[in-house]
2 protein chains.
Amino acid sequence: MKVAVMGCGTVGSGAVEILESKGELLSARCGEPVELKYILDIRDLSSRPYGKKVVKDIDLILEDPEVGVVVETMGGIEPAFTFCMKCLNAGKSVVTSNKEMVAVKADDLFEAARANNVSFAFEAAVCGGIPVIRTMFTDLGANRLTGFDGIMNGTTNFILTKMIKEKMSFDSALKLAQELGYAEKDPTADVEGLDACRKTAILASIVLGTHVRPEEIPTEGISRITLEDASYASDAGAEIKLICKAEKLPDGKVYAAVSPAFVSRNTMIANVSGVNNAVALRGDSVGEVFLYGPGAGKEATASAVISDVLECIRLKKNQEHYYFAPHRDGLLCGKGENITSLYVRGYAKHMETAAREIRETFESVRFLSRDNSPANELAFITGKGREKDLYEAVAGIRDFASASVIRVL
Amino acid sequence: MKVAVMGCGTVGSGAVEILESKGELLSARCGEPVELKYILDIRDLSSRPYGKKVVKDIDLILEDPEVGVVVETMGGIEPAFTFCMKCLNAGKSVVTSNKEMVAVKADDLFEAARANNVSFAFEAAVCGGIPVIRTMFTDLGANRLTGFDGIMNGTTNFILTKMIKEKMSFDSALKLAQELGYAEKDPTADVEGLDACRKTAILASIVLGTHVRPEEIPTEGISRITLEDASYASDAGAEIKLICKAEKLPDGKVYAAVSPAFVSRNTMIANVSGVNNAVALRGDSVGEVFLYGPGAGKEATASAVISDVLECIRLKKNQEHYYFAPHRDGLLCGKGENITSLYVRGYAKHMETAAREIRETFESVRFLSRDNSPANELAFITGKGREKDLYEAVAGIRDFASASVIRVL
């Protein structure tokens, strides 16, 4: 079967290189020849080794009956979405690494794939080389999925790792991440959690079985985290991580959120450092399965893209179980309705009064300490409760002004 | 499609319970009704809720054209192997959790599955609920697999965790494991690494693409590990783990082994504690992917069994890429040809002379210490070298008698 790649950037060129260099291996694994035929890109790539395959007109791909699978690695919603729809409607399976498009447009793409009895697959859209999507759809197929906790943005995890392990400030850590190529010049999408939010929306959709949109997921980035918070986390035996979370609640609704969280050092997920990603998936039969590895990078992400290509070639039909239903409103739990503990840092007018008041307010409370804290600083972790109630209780402490509130996983 | 389960022990009854309780969910996930029709067991199970489905004659299953998938959860090689071959030759896909049978008889089973264009699948045979087999065959399909390190026996990991974290002796930890039901009355298969060896043989076969038999894999258990070694491991910043390993060498041969090893606490695999399992899989494109979770247990293992059943029903044909070639001799590297470091503990006639000799013998060496060690005890970690050469070098230290030698991962 012939393959086309749309968008020859980082991930696309990685996919091209695997297709070009491992033809024999890939062919053996699908029981038929696998060959890259076209690369669609508007740039001049004629000097590249595969330059002769570059085309600028998508119709060449759409009209070529030899092409059975099209890889979309352009990124962004348009024109990627229009191109993918055209490919599906031309009877070609589509494999994408484009989380933004999947998070926003999955419904239309699934429908077109079904209608044309071809596949639409997106393993590479979440956590790069880690096989999280197919694990949820296939390997945990005997389970009712109940939720996940993930670290799905390498840039923010790198910054938080530097802040906690090396006491680097947020600004210095961000600058270093930019120097190393881990963060973009405009780091907003990573730092404010938007990238993590899209991935959370995709995985939450699989848990729920129904499309969850990014704008439905309360999202908070890491730019407010201070070195003071990092010190208190250490005292609590915890790391601070940007956690992507979804959880099925007893009433069937799903709680989904992206936010910084204190994570106990005894857990696997706390040990995820640097630019790696990880997801702890939960199912009613299996319990918890934890997947960890490279969440980005040219070759690792291309590995996921090409594994999807191979499945599409092997199956030659719609993968009916690789699917979630179209979006409906009202399936997520309301903001603040989740049960959690909170870490709170703030300043007291009178330390003893405030501490007594805090102890009286929460059923259980653990005070934290750090070196060289100002005389009027107080930090503590509350017992579990409805998040909304905990926030109200914190605001109600008369003698105390909170400066930082972070969830505890 | 109708399903039969052969062997209603721990895992088998788990599979039965999922089939009985989640019929609607499973049917939705394969696009057709999925129903348990027969349970083959020689015991009297008539009082169980599914008692009416129990049969004692395999021919009922073989001759029923409605049965498309048979689950084998009997364990042991015979009669399981004969039964599985009969099922495959009757045109039924077979799903098994039986690592012993797969490790020894995979060649015949794959051949029969191919000849009859049905599936033979064994996700549950290695690491229980962790989806390691399908990840290697499918999700890492774009990769040349280069090796793995795994903790694939929960019993020994529980014992080692107790020895290191709680300074419990091997005998006490084994006794506790038996009391908790983690270890058999006769713990040999776990403690001496035989169970881990079978699983290593299966995964090494997938890495190599050719069947590796258990008897080809040098295997060492944990019964020689002492509390002294555990103390020195702590000083080295390491845990001691029973490591299942395979690695493709530059000459194309594979090094495979099961043995205790020092594992740096900075690695994910060192953090695997208690009865959990984990595998770090390596591929040439993805780098390393680490999978962690329940390696045994009724429901987790049944989750893997049923995910295989669903794939068989969805595909209705042989899964050609889910395969390794028949056994050939001479594909593994010779014993001791691998490159490693060694931890060595022993007794010196004259401490200073021995220490000097050790320093002169190895290019780099790190001496370890522990509290309350006898005056003539010495422990150290060598630099890297060919294992065979390192062992010879240790034996050649005149002033020193080694009491314990453990690989360093």
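A helix crossing counts as right-handed if the near helix is turned clockwise from the far one by less than a right angle, and as left-handed if it is turned anticlockwise. Keep that in mind for the opening views. Everything shown here comes from a predicted model.

**View 1. Helices H4(B) and H5(B) cross in the right-handed sense.** Helix H4 of chain B spans residues 80–89, and helix H5 of chain B spans residues 99–115. Their axes come within 10 Å and cross at roughly 15°. Angles under 35 degrees count as roughly parallel, and H4(B) and H5(B) are therefore roughly parallel to each other. To find the contact on H4(B), look for Ala80(B), Phe81(B), Cys84(B), Met85(B), Leu88(B) and Asn89(B). Facing them from H5(B) are Met101(B), Lys105(B), Asp108(B), Leu109(B), Ala112(B) and Ala113(B). Sorted by class, this contact has 9 nonpolar, 1 polar and 2 charged residues.

**View 2. Helices H2(A) and H12(A) meet at an angle of roughly 40°.** Here the helix axes of H2(A) and H12(A) come within 9 Å. The crossing angle makes H2(A) oblique to H12(A), and the crossing is right-handed. H2(A) brings Leu26(A), Arg29(A) and Cys30(A) to the contact, while H12(A) brings Leu310(A), Ile313(A) and Arg314(A). By class, the contact of H2(A) with H12(A) has 4 nonpolar and 2 charged residues, with no polar ones.

**View 3. Chain A touches chain B.** The contact draws on 40 residues of chain A and 41 residues of chain B. On the chain A side, at least two residues each come from helix H2 (23–30), helix H6 (132–139), strand E11 (287–294) and helix H12 (298–315). Which element gives the most? That is H12(A), with 9 residues. The side of chain A that touches chain B has 17 nonpolar, 14 polar and 9 charged residues. The copies meet through the same surface, because 100% of the interface residues of chain A are also interface residues in chain B.

**View 4. Strand E11(A) pairs with strand E11(B) across the chains.** The pairing is antiparallel and runs over 3 bridges, with E11 of chain B covering residues 287–294. A good place to start is Tyr292(A), which stands opposite Phe290(B) in E11(B). To superpose chain A on chain B takes a rotation of 180° with 0.0 Å of shift along its axis, giving an RMSD of 0.0 Å. The two copies are thus related as by a two-fold rotation axis. Which residue of chain A comes closest to the rotation axis? It is Leu291(A), whose C-alpha lies 2.4 Å from the axis.

**View 5. Chain B holds an open parallel sheet of 6 strands.** Trace the strands in the order E3-E2-E1-E4-E5-E6. Strand E3 (54–55) and strand E6 (120–121) of chain B stand at the edges with a single partner strand each, so one side of each is left without a neighbour in the sheet. Within the sheet, strand E1 (residues 2–6) runs parallel to strand E2 (residues 35–40), and 5 bridges join E1(B) to E2(B). You can pick out one pair by locating Val3(B), whose bridge partner in E2(B) is Leu36(B).

**View 6. An open sheet of 6 strands appears in chain A.** Its strands follow the order E3-E2-E1-E4-E5-E6, with parallel pairing. Strand E3 (54–55) and strand E6 (120–121) of chain A are the edge strands, each pairing on one side only. Strand E2 (residues 35–40) of chain A pairs with E3(A) in the parallel sense over 2 bridges. Leu40(A) has Val55(A) as its bridge partner in E3(A).

**View 7. Strand E12(A) pairs with strand E16(A) over 8 bridges.** As a reminder for this view, strands of a sheet pair through backbone hydrogen bonds, either parallel or antiparallel. Strand E16 of chain A spans residues 400–408 and runs antiparallel to E12(A). Ser341(A) stands opposite Val408(A) in E16(A). E12(A) is also joined by 5 bridges to strand E14 (residues 377–382) of chain A, which runs antiparallel to E12(A). There, Tyr343(A) has Ile381(A) as its bridge partner. Finally, 2 bridges join E12(A), residues 339–348, to strand E15 (residues 385–386) of chain A, again in the antiparallel sense. In this pairing Ile339(A) stands opposite Arg386(A) in E15(A).

Conventions
Residues numbered from 1 in each chain as written. Chains lettered and ligands numbered in written order. Predicted model: local features only at pLDDT ≥ 70, side-chain atom pairs only at ≥ 80, totals over all residues. Pairing = 2+ DSSP bridges. Helix = DSSP H or I, 4+ residues; strand = E, 2+ residues; numbered from the N terminus. Contact = placed C-beta atoms within 7 Å. Nonpolar A, V, L, I, M, F, W, Y, C, P; charged D, E, K, R; others polar. Least-squares fit on C-alpha atoms with pLDDT ≥ 70 in both. Axes fitted to C-alpha atoms, helices over the stretch in contact; angles between N-to-C directions. Parallel < 35°, antiparallel > 145°, perpendicular 65-115°, else oblique.
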